[in-house]
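I'm opening a fresh page for this protein. I'll jot down what I look up as I go.

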Amino acid sequence: TGITRDDINIELQDELLTIAGSRSISRDKDAKIHRTERESGSFKRQFRLPYKVDNEKVAASFSDGILTIELEKSEEEKPRTITVR
């Protein structure tokens, strides 16, 4: 088995995105395994974003083992057009 959406925690604070979770594997007692990498345990990754994000417009989805996070720049970070008088 792998990671489920319940095993993942996503946090956004200022420009710091944190993805954390844990993975546990249940295996048959009689199974013979020759080599296993990263079988189980917790993980945590942090990403410093280059701009402020609108917290109300953050979306995350998890499908077929792929985590997708959609972030939208806050209005104050988007470029404005200034009219010359």
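Here are my entries, from the whole chain down to single residues.

**Ground rules**

I'm working with a predicted model, where local features need pLDDT of at least 70, side-chain atom pairs count only at pLDDT 80 or more, and totals for chains, interfaces and linings use all residues. I number residues from 1 along each chain as its sequence is written, and side-chain values use heavy atoms, with hydrogens and water left out.

**Entry 1: the overall picture**

I looked up the secondary structure and got zero helices and five strands. Helices (H or I, at least four residues) and strands (E, at least two) are DSSP runs, numbered from the N terminus. Read from the N terminus, the order is β-β-β-β-β.

How much of the protein is buried? I find 13% of the 85 residues. For this I take buried as under 20% relative accessible area, exposed as over 50%, and partly exposed as in between (1.4 Å probe, protein chains only).

The accessible surface is about 7700 Å², and carbon and sulfur atoms hold 44% of that. Such areas come from the Shrake-Rupley method with a 1.4 Å probe; for residues, only the protein chains shown count as cover.

I also checked contacts, meaning heavy atoms within 4.5 Å. Of those between residues at least 6 apart in sequence, 41% join residues at least 24 apart.

**Entry 2: the sheet**

Next I traced an open sheet of three strands, ordered β1-β2-β3 and paired antiparallel. Two strands pair if DSSP finds at least two bridges between them. Why do β1 and β3 each have one side without a neighbour in the sheet? β1 (8–13) and β3 (41–48) are at the edges and each has a single partner strand, so one side of each is left free of a neighbour in the sheet. From one strand to the next, the twist averages 15°. Axes here are lines fitted to C-alpha atoms, for helices over the stretch in contact, and angles run from 0 to 180 degrees between N-to-C directions.

I then followed β2 (residues 16–23), which runs antiparallel to β3 and is joined to it by eight bridges. In this pairing I found L16 opposite R48 in β3. A reminder to myself: strands of a sheet pair through backbone hydrogen bonds, either parallel or antiparallel.

D14 caught my eye in the loop between β1 and β2. Its phi is positive, about 55°, although D14 is not a glycine. D14 is exposed, with 59% relative accessible area.

**Entry 3: F43**

I picked F43 in strand β3. Is F43 buried or partly exposed? With 24% relative accessibility, F43 counts as partly exposed. Leaving aside neighbours within four places in sequence, F43 is in contact with I3, I19, A20, G21 and S22. I also noted I8, which is 35 residues from F43 along the chain, with 9.4 Å between their C-alpha atoms.

**Entry 4: the hairpin**

β4 (residues 59–63) and β5 (residues 66–70) pair antiparallel over five bridges. Across this pairing I see A59 opposite E70 and S61 opposite T68. The two strands form a hairpin with two residues between them. D64 lies in that loop between β4 and β5. D64 isn't a glycine, yet has a positive phi of about 55°. With a relative accessible area of 77%, D64 is exposed.

**Entry 5: after the last strand**

I went on to E72, in the segment after β5. E72 counts as partly exposed at 28% relative accessibility. Neighbours within four places in sequence aside, E72 is in contact with K52, V53, D54, K57 and K78. E72 and Y51 are 21 residues apart in sequence, and their C-alpha atoms are 9.6 Å apart in space.

What sits over the ring of Y51? I found the charged end of K73 there, 5.1 Å from the ring centre. A charge sits over a ring if NZ of Lys or CZ of Arg is within 6 Å of the ring centre and within 35 degrees of the ring normal.
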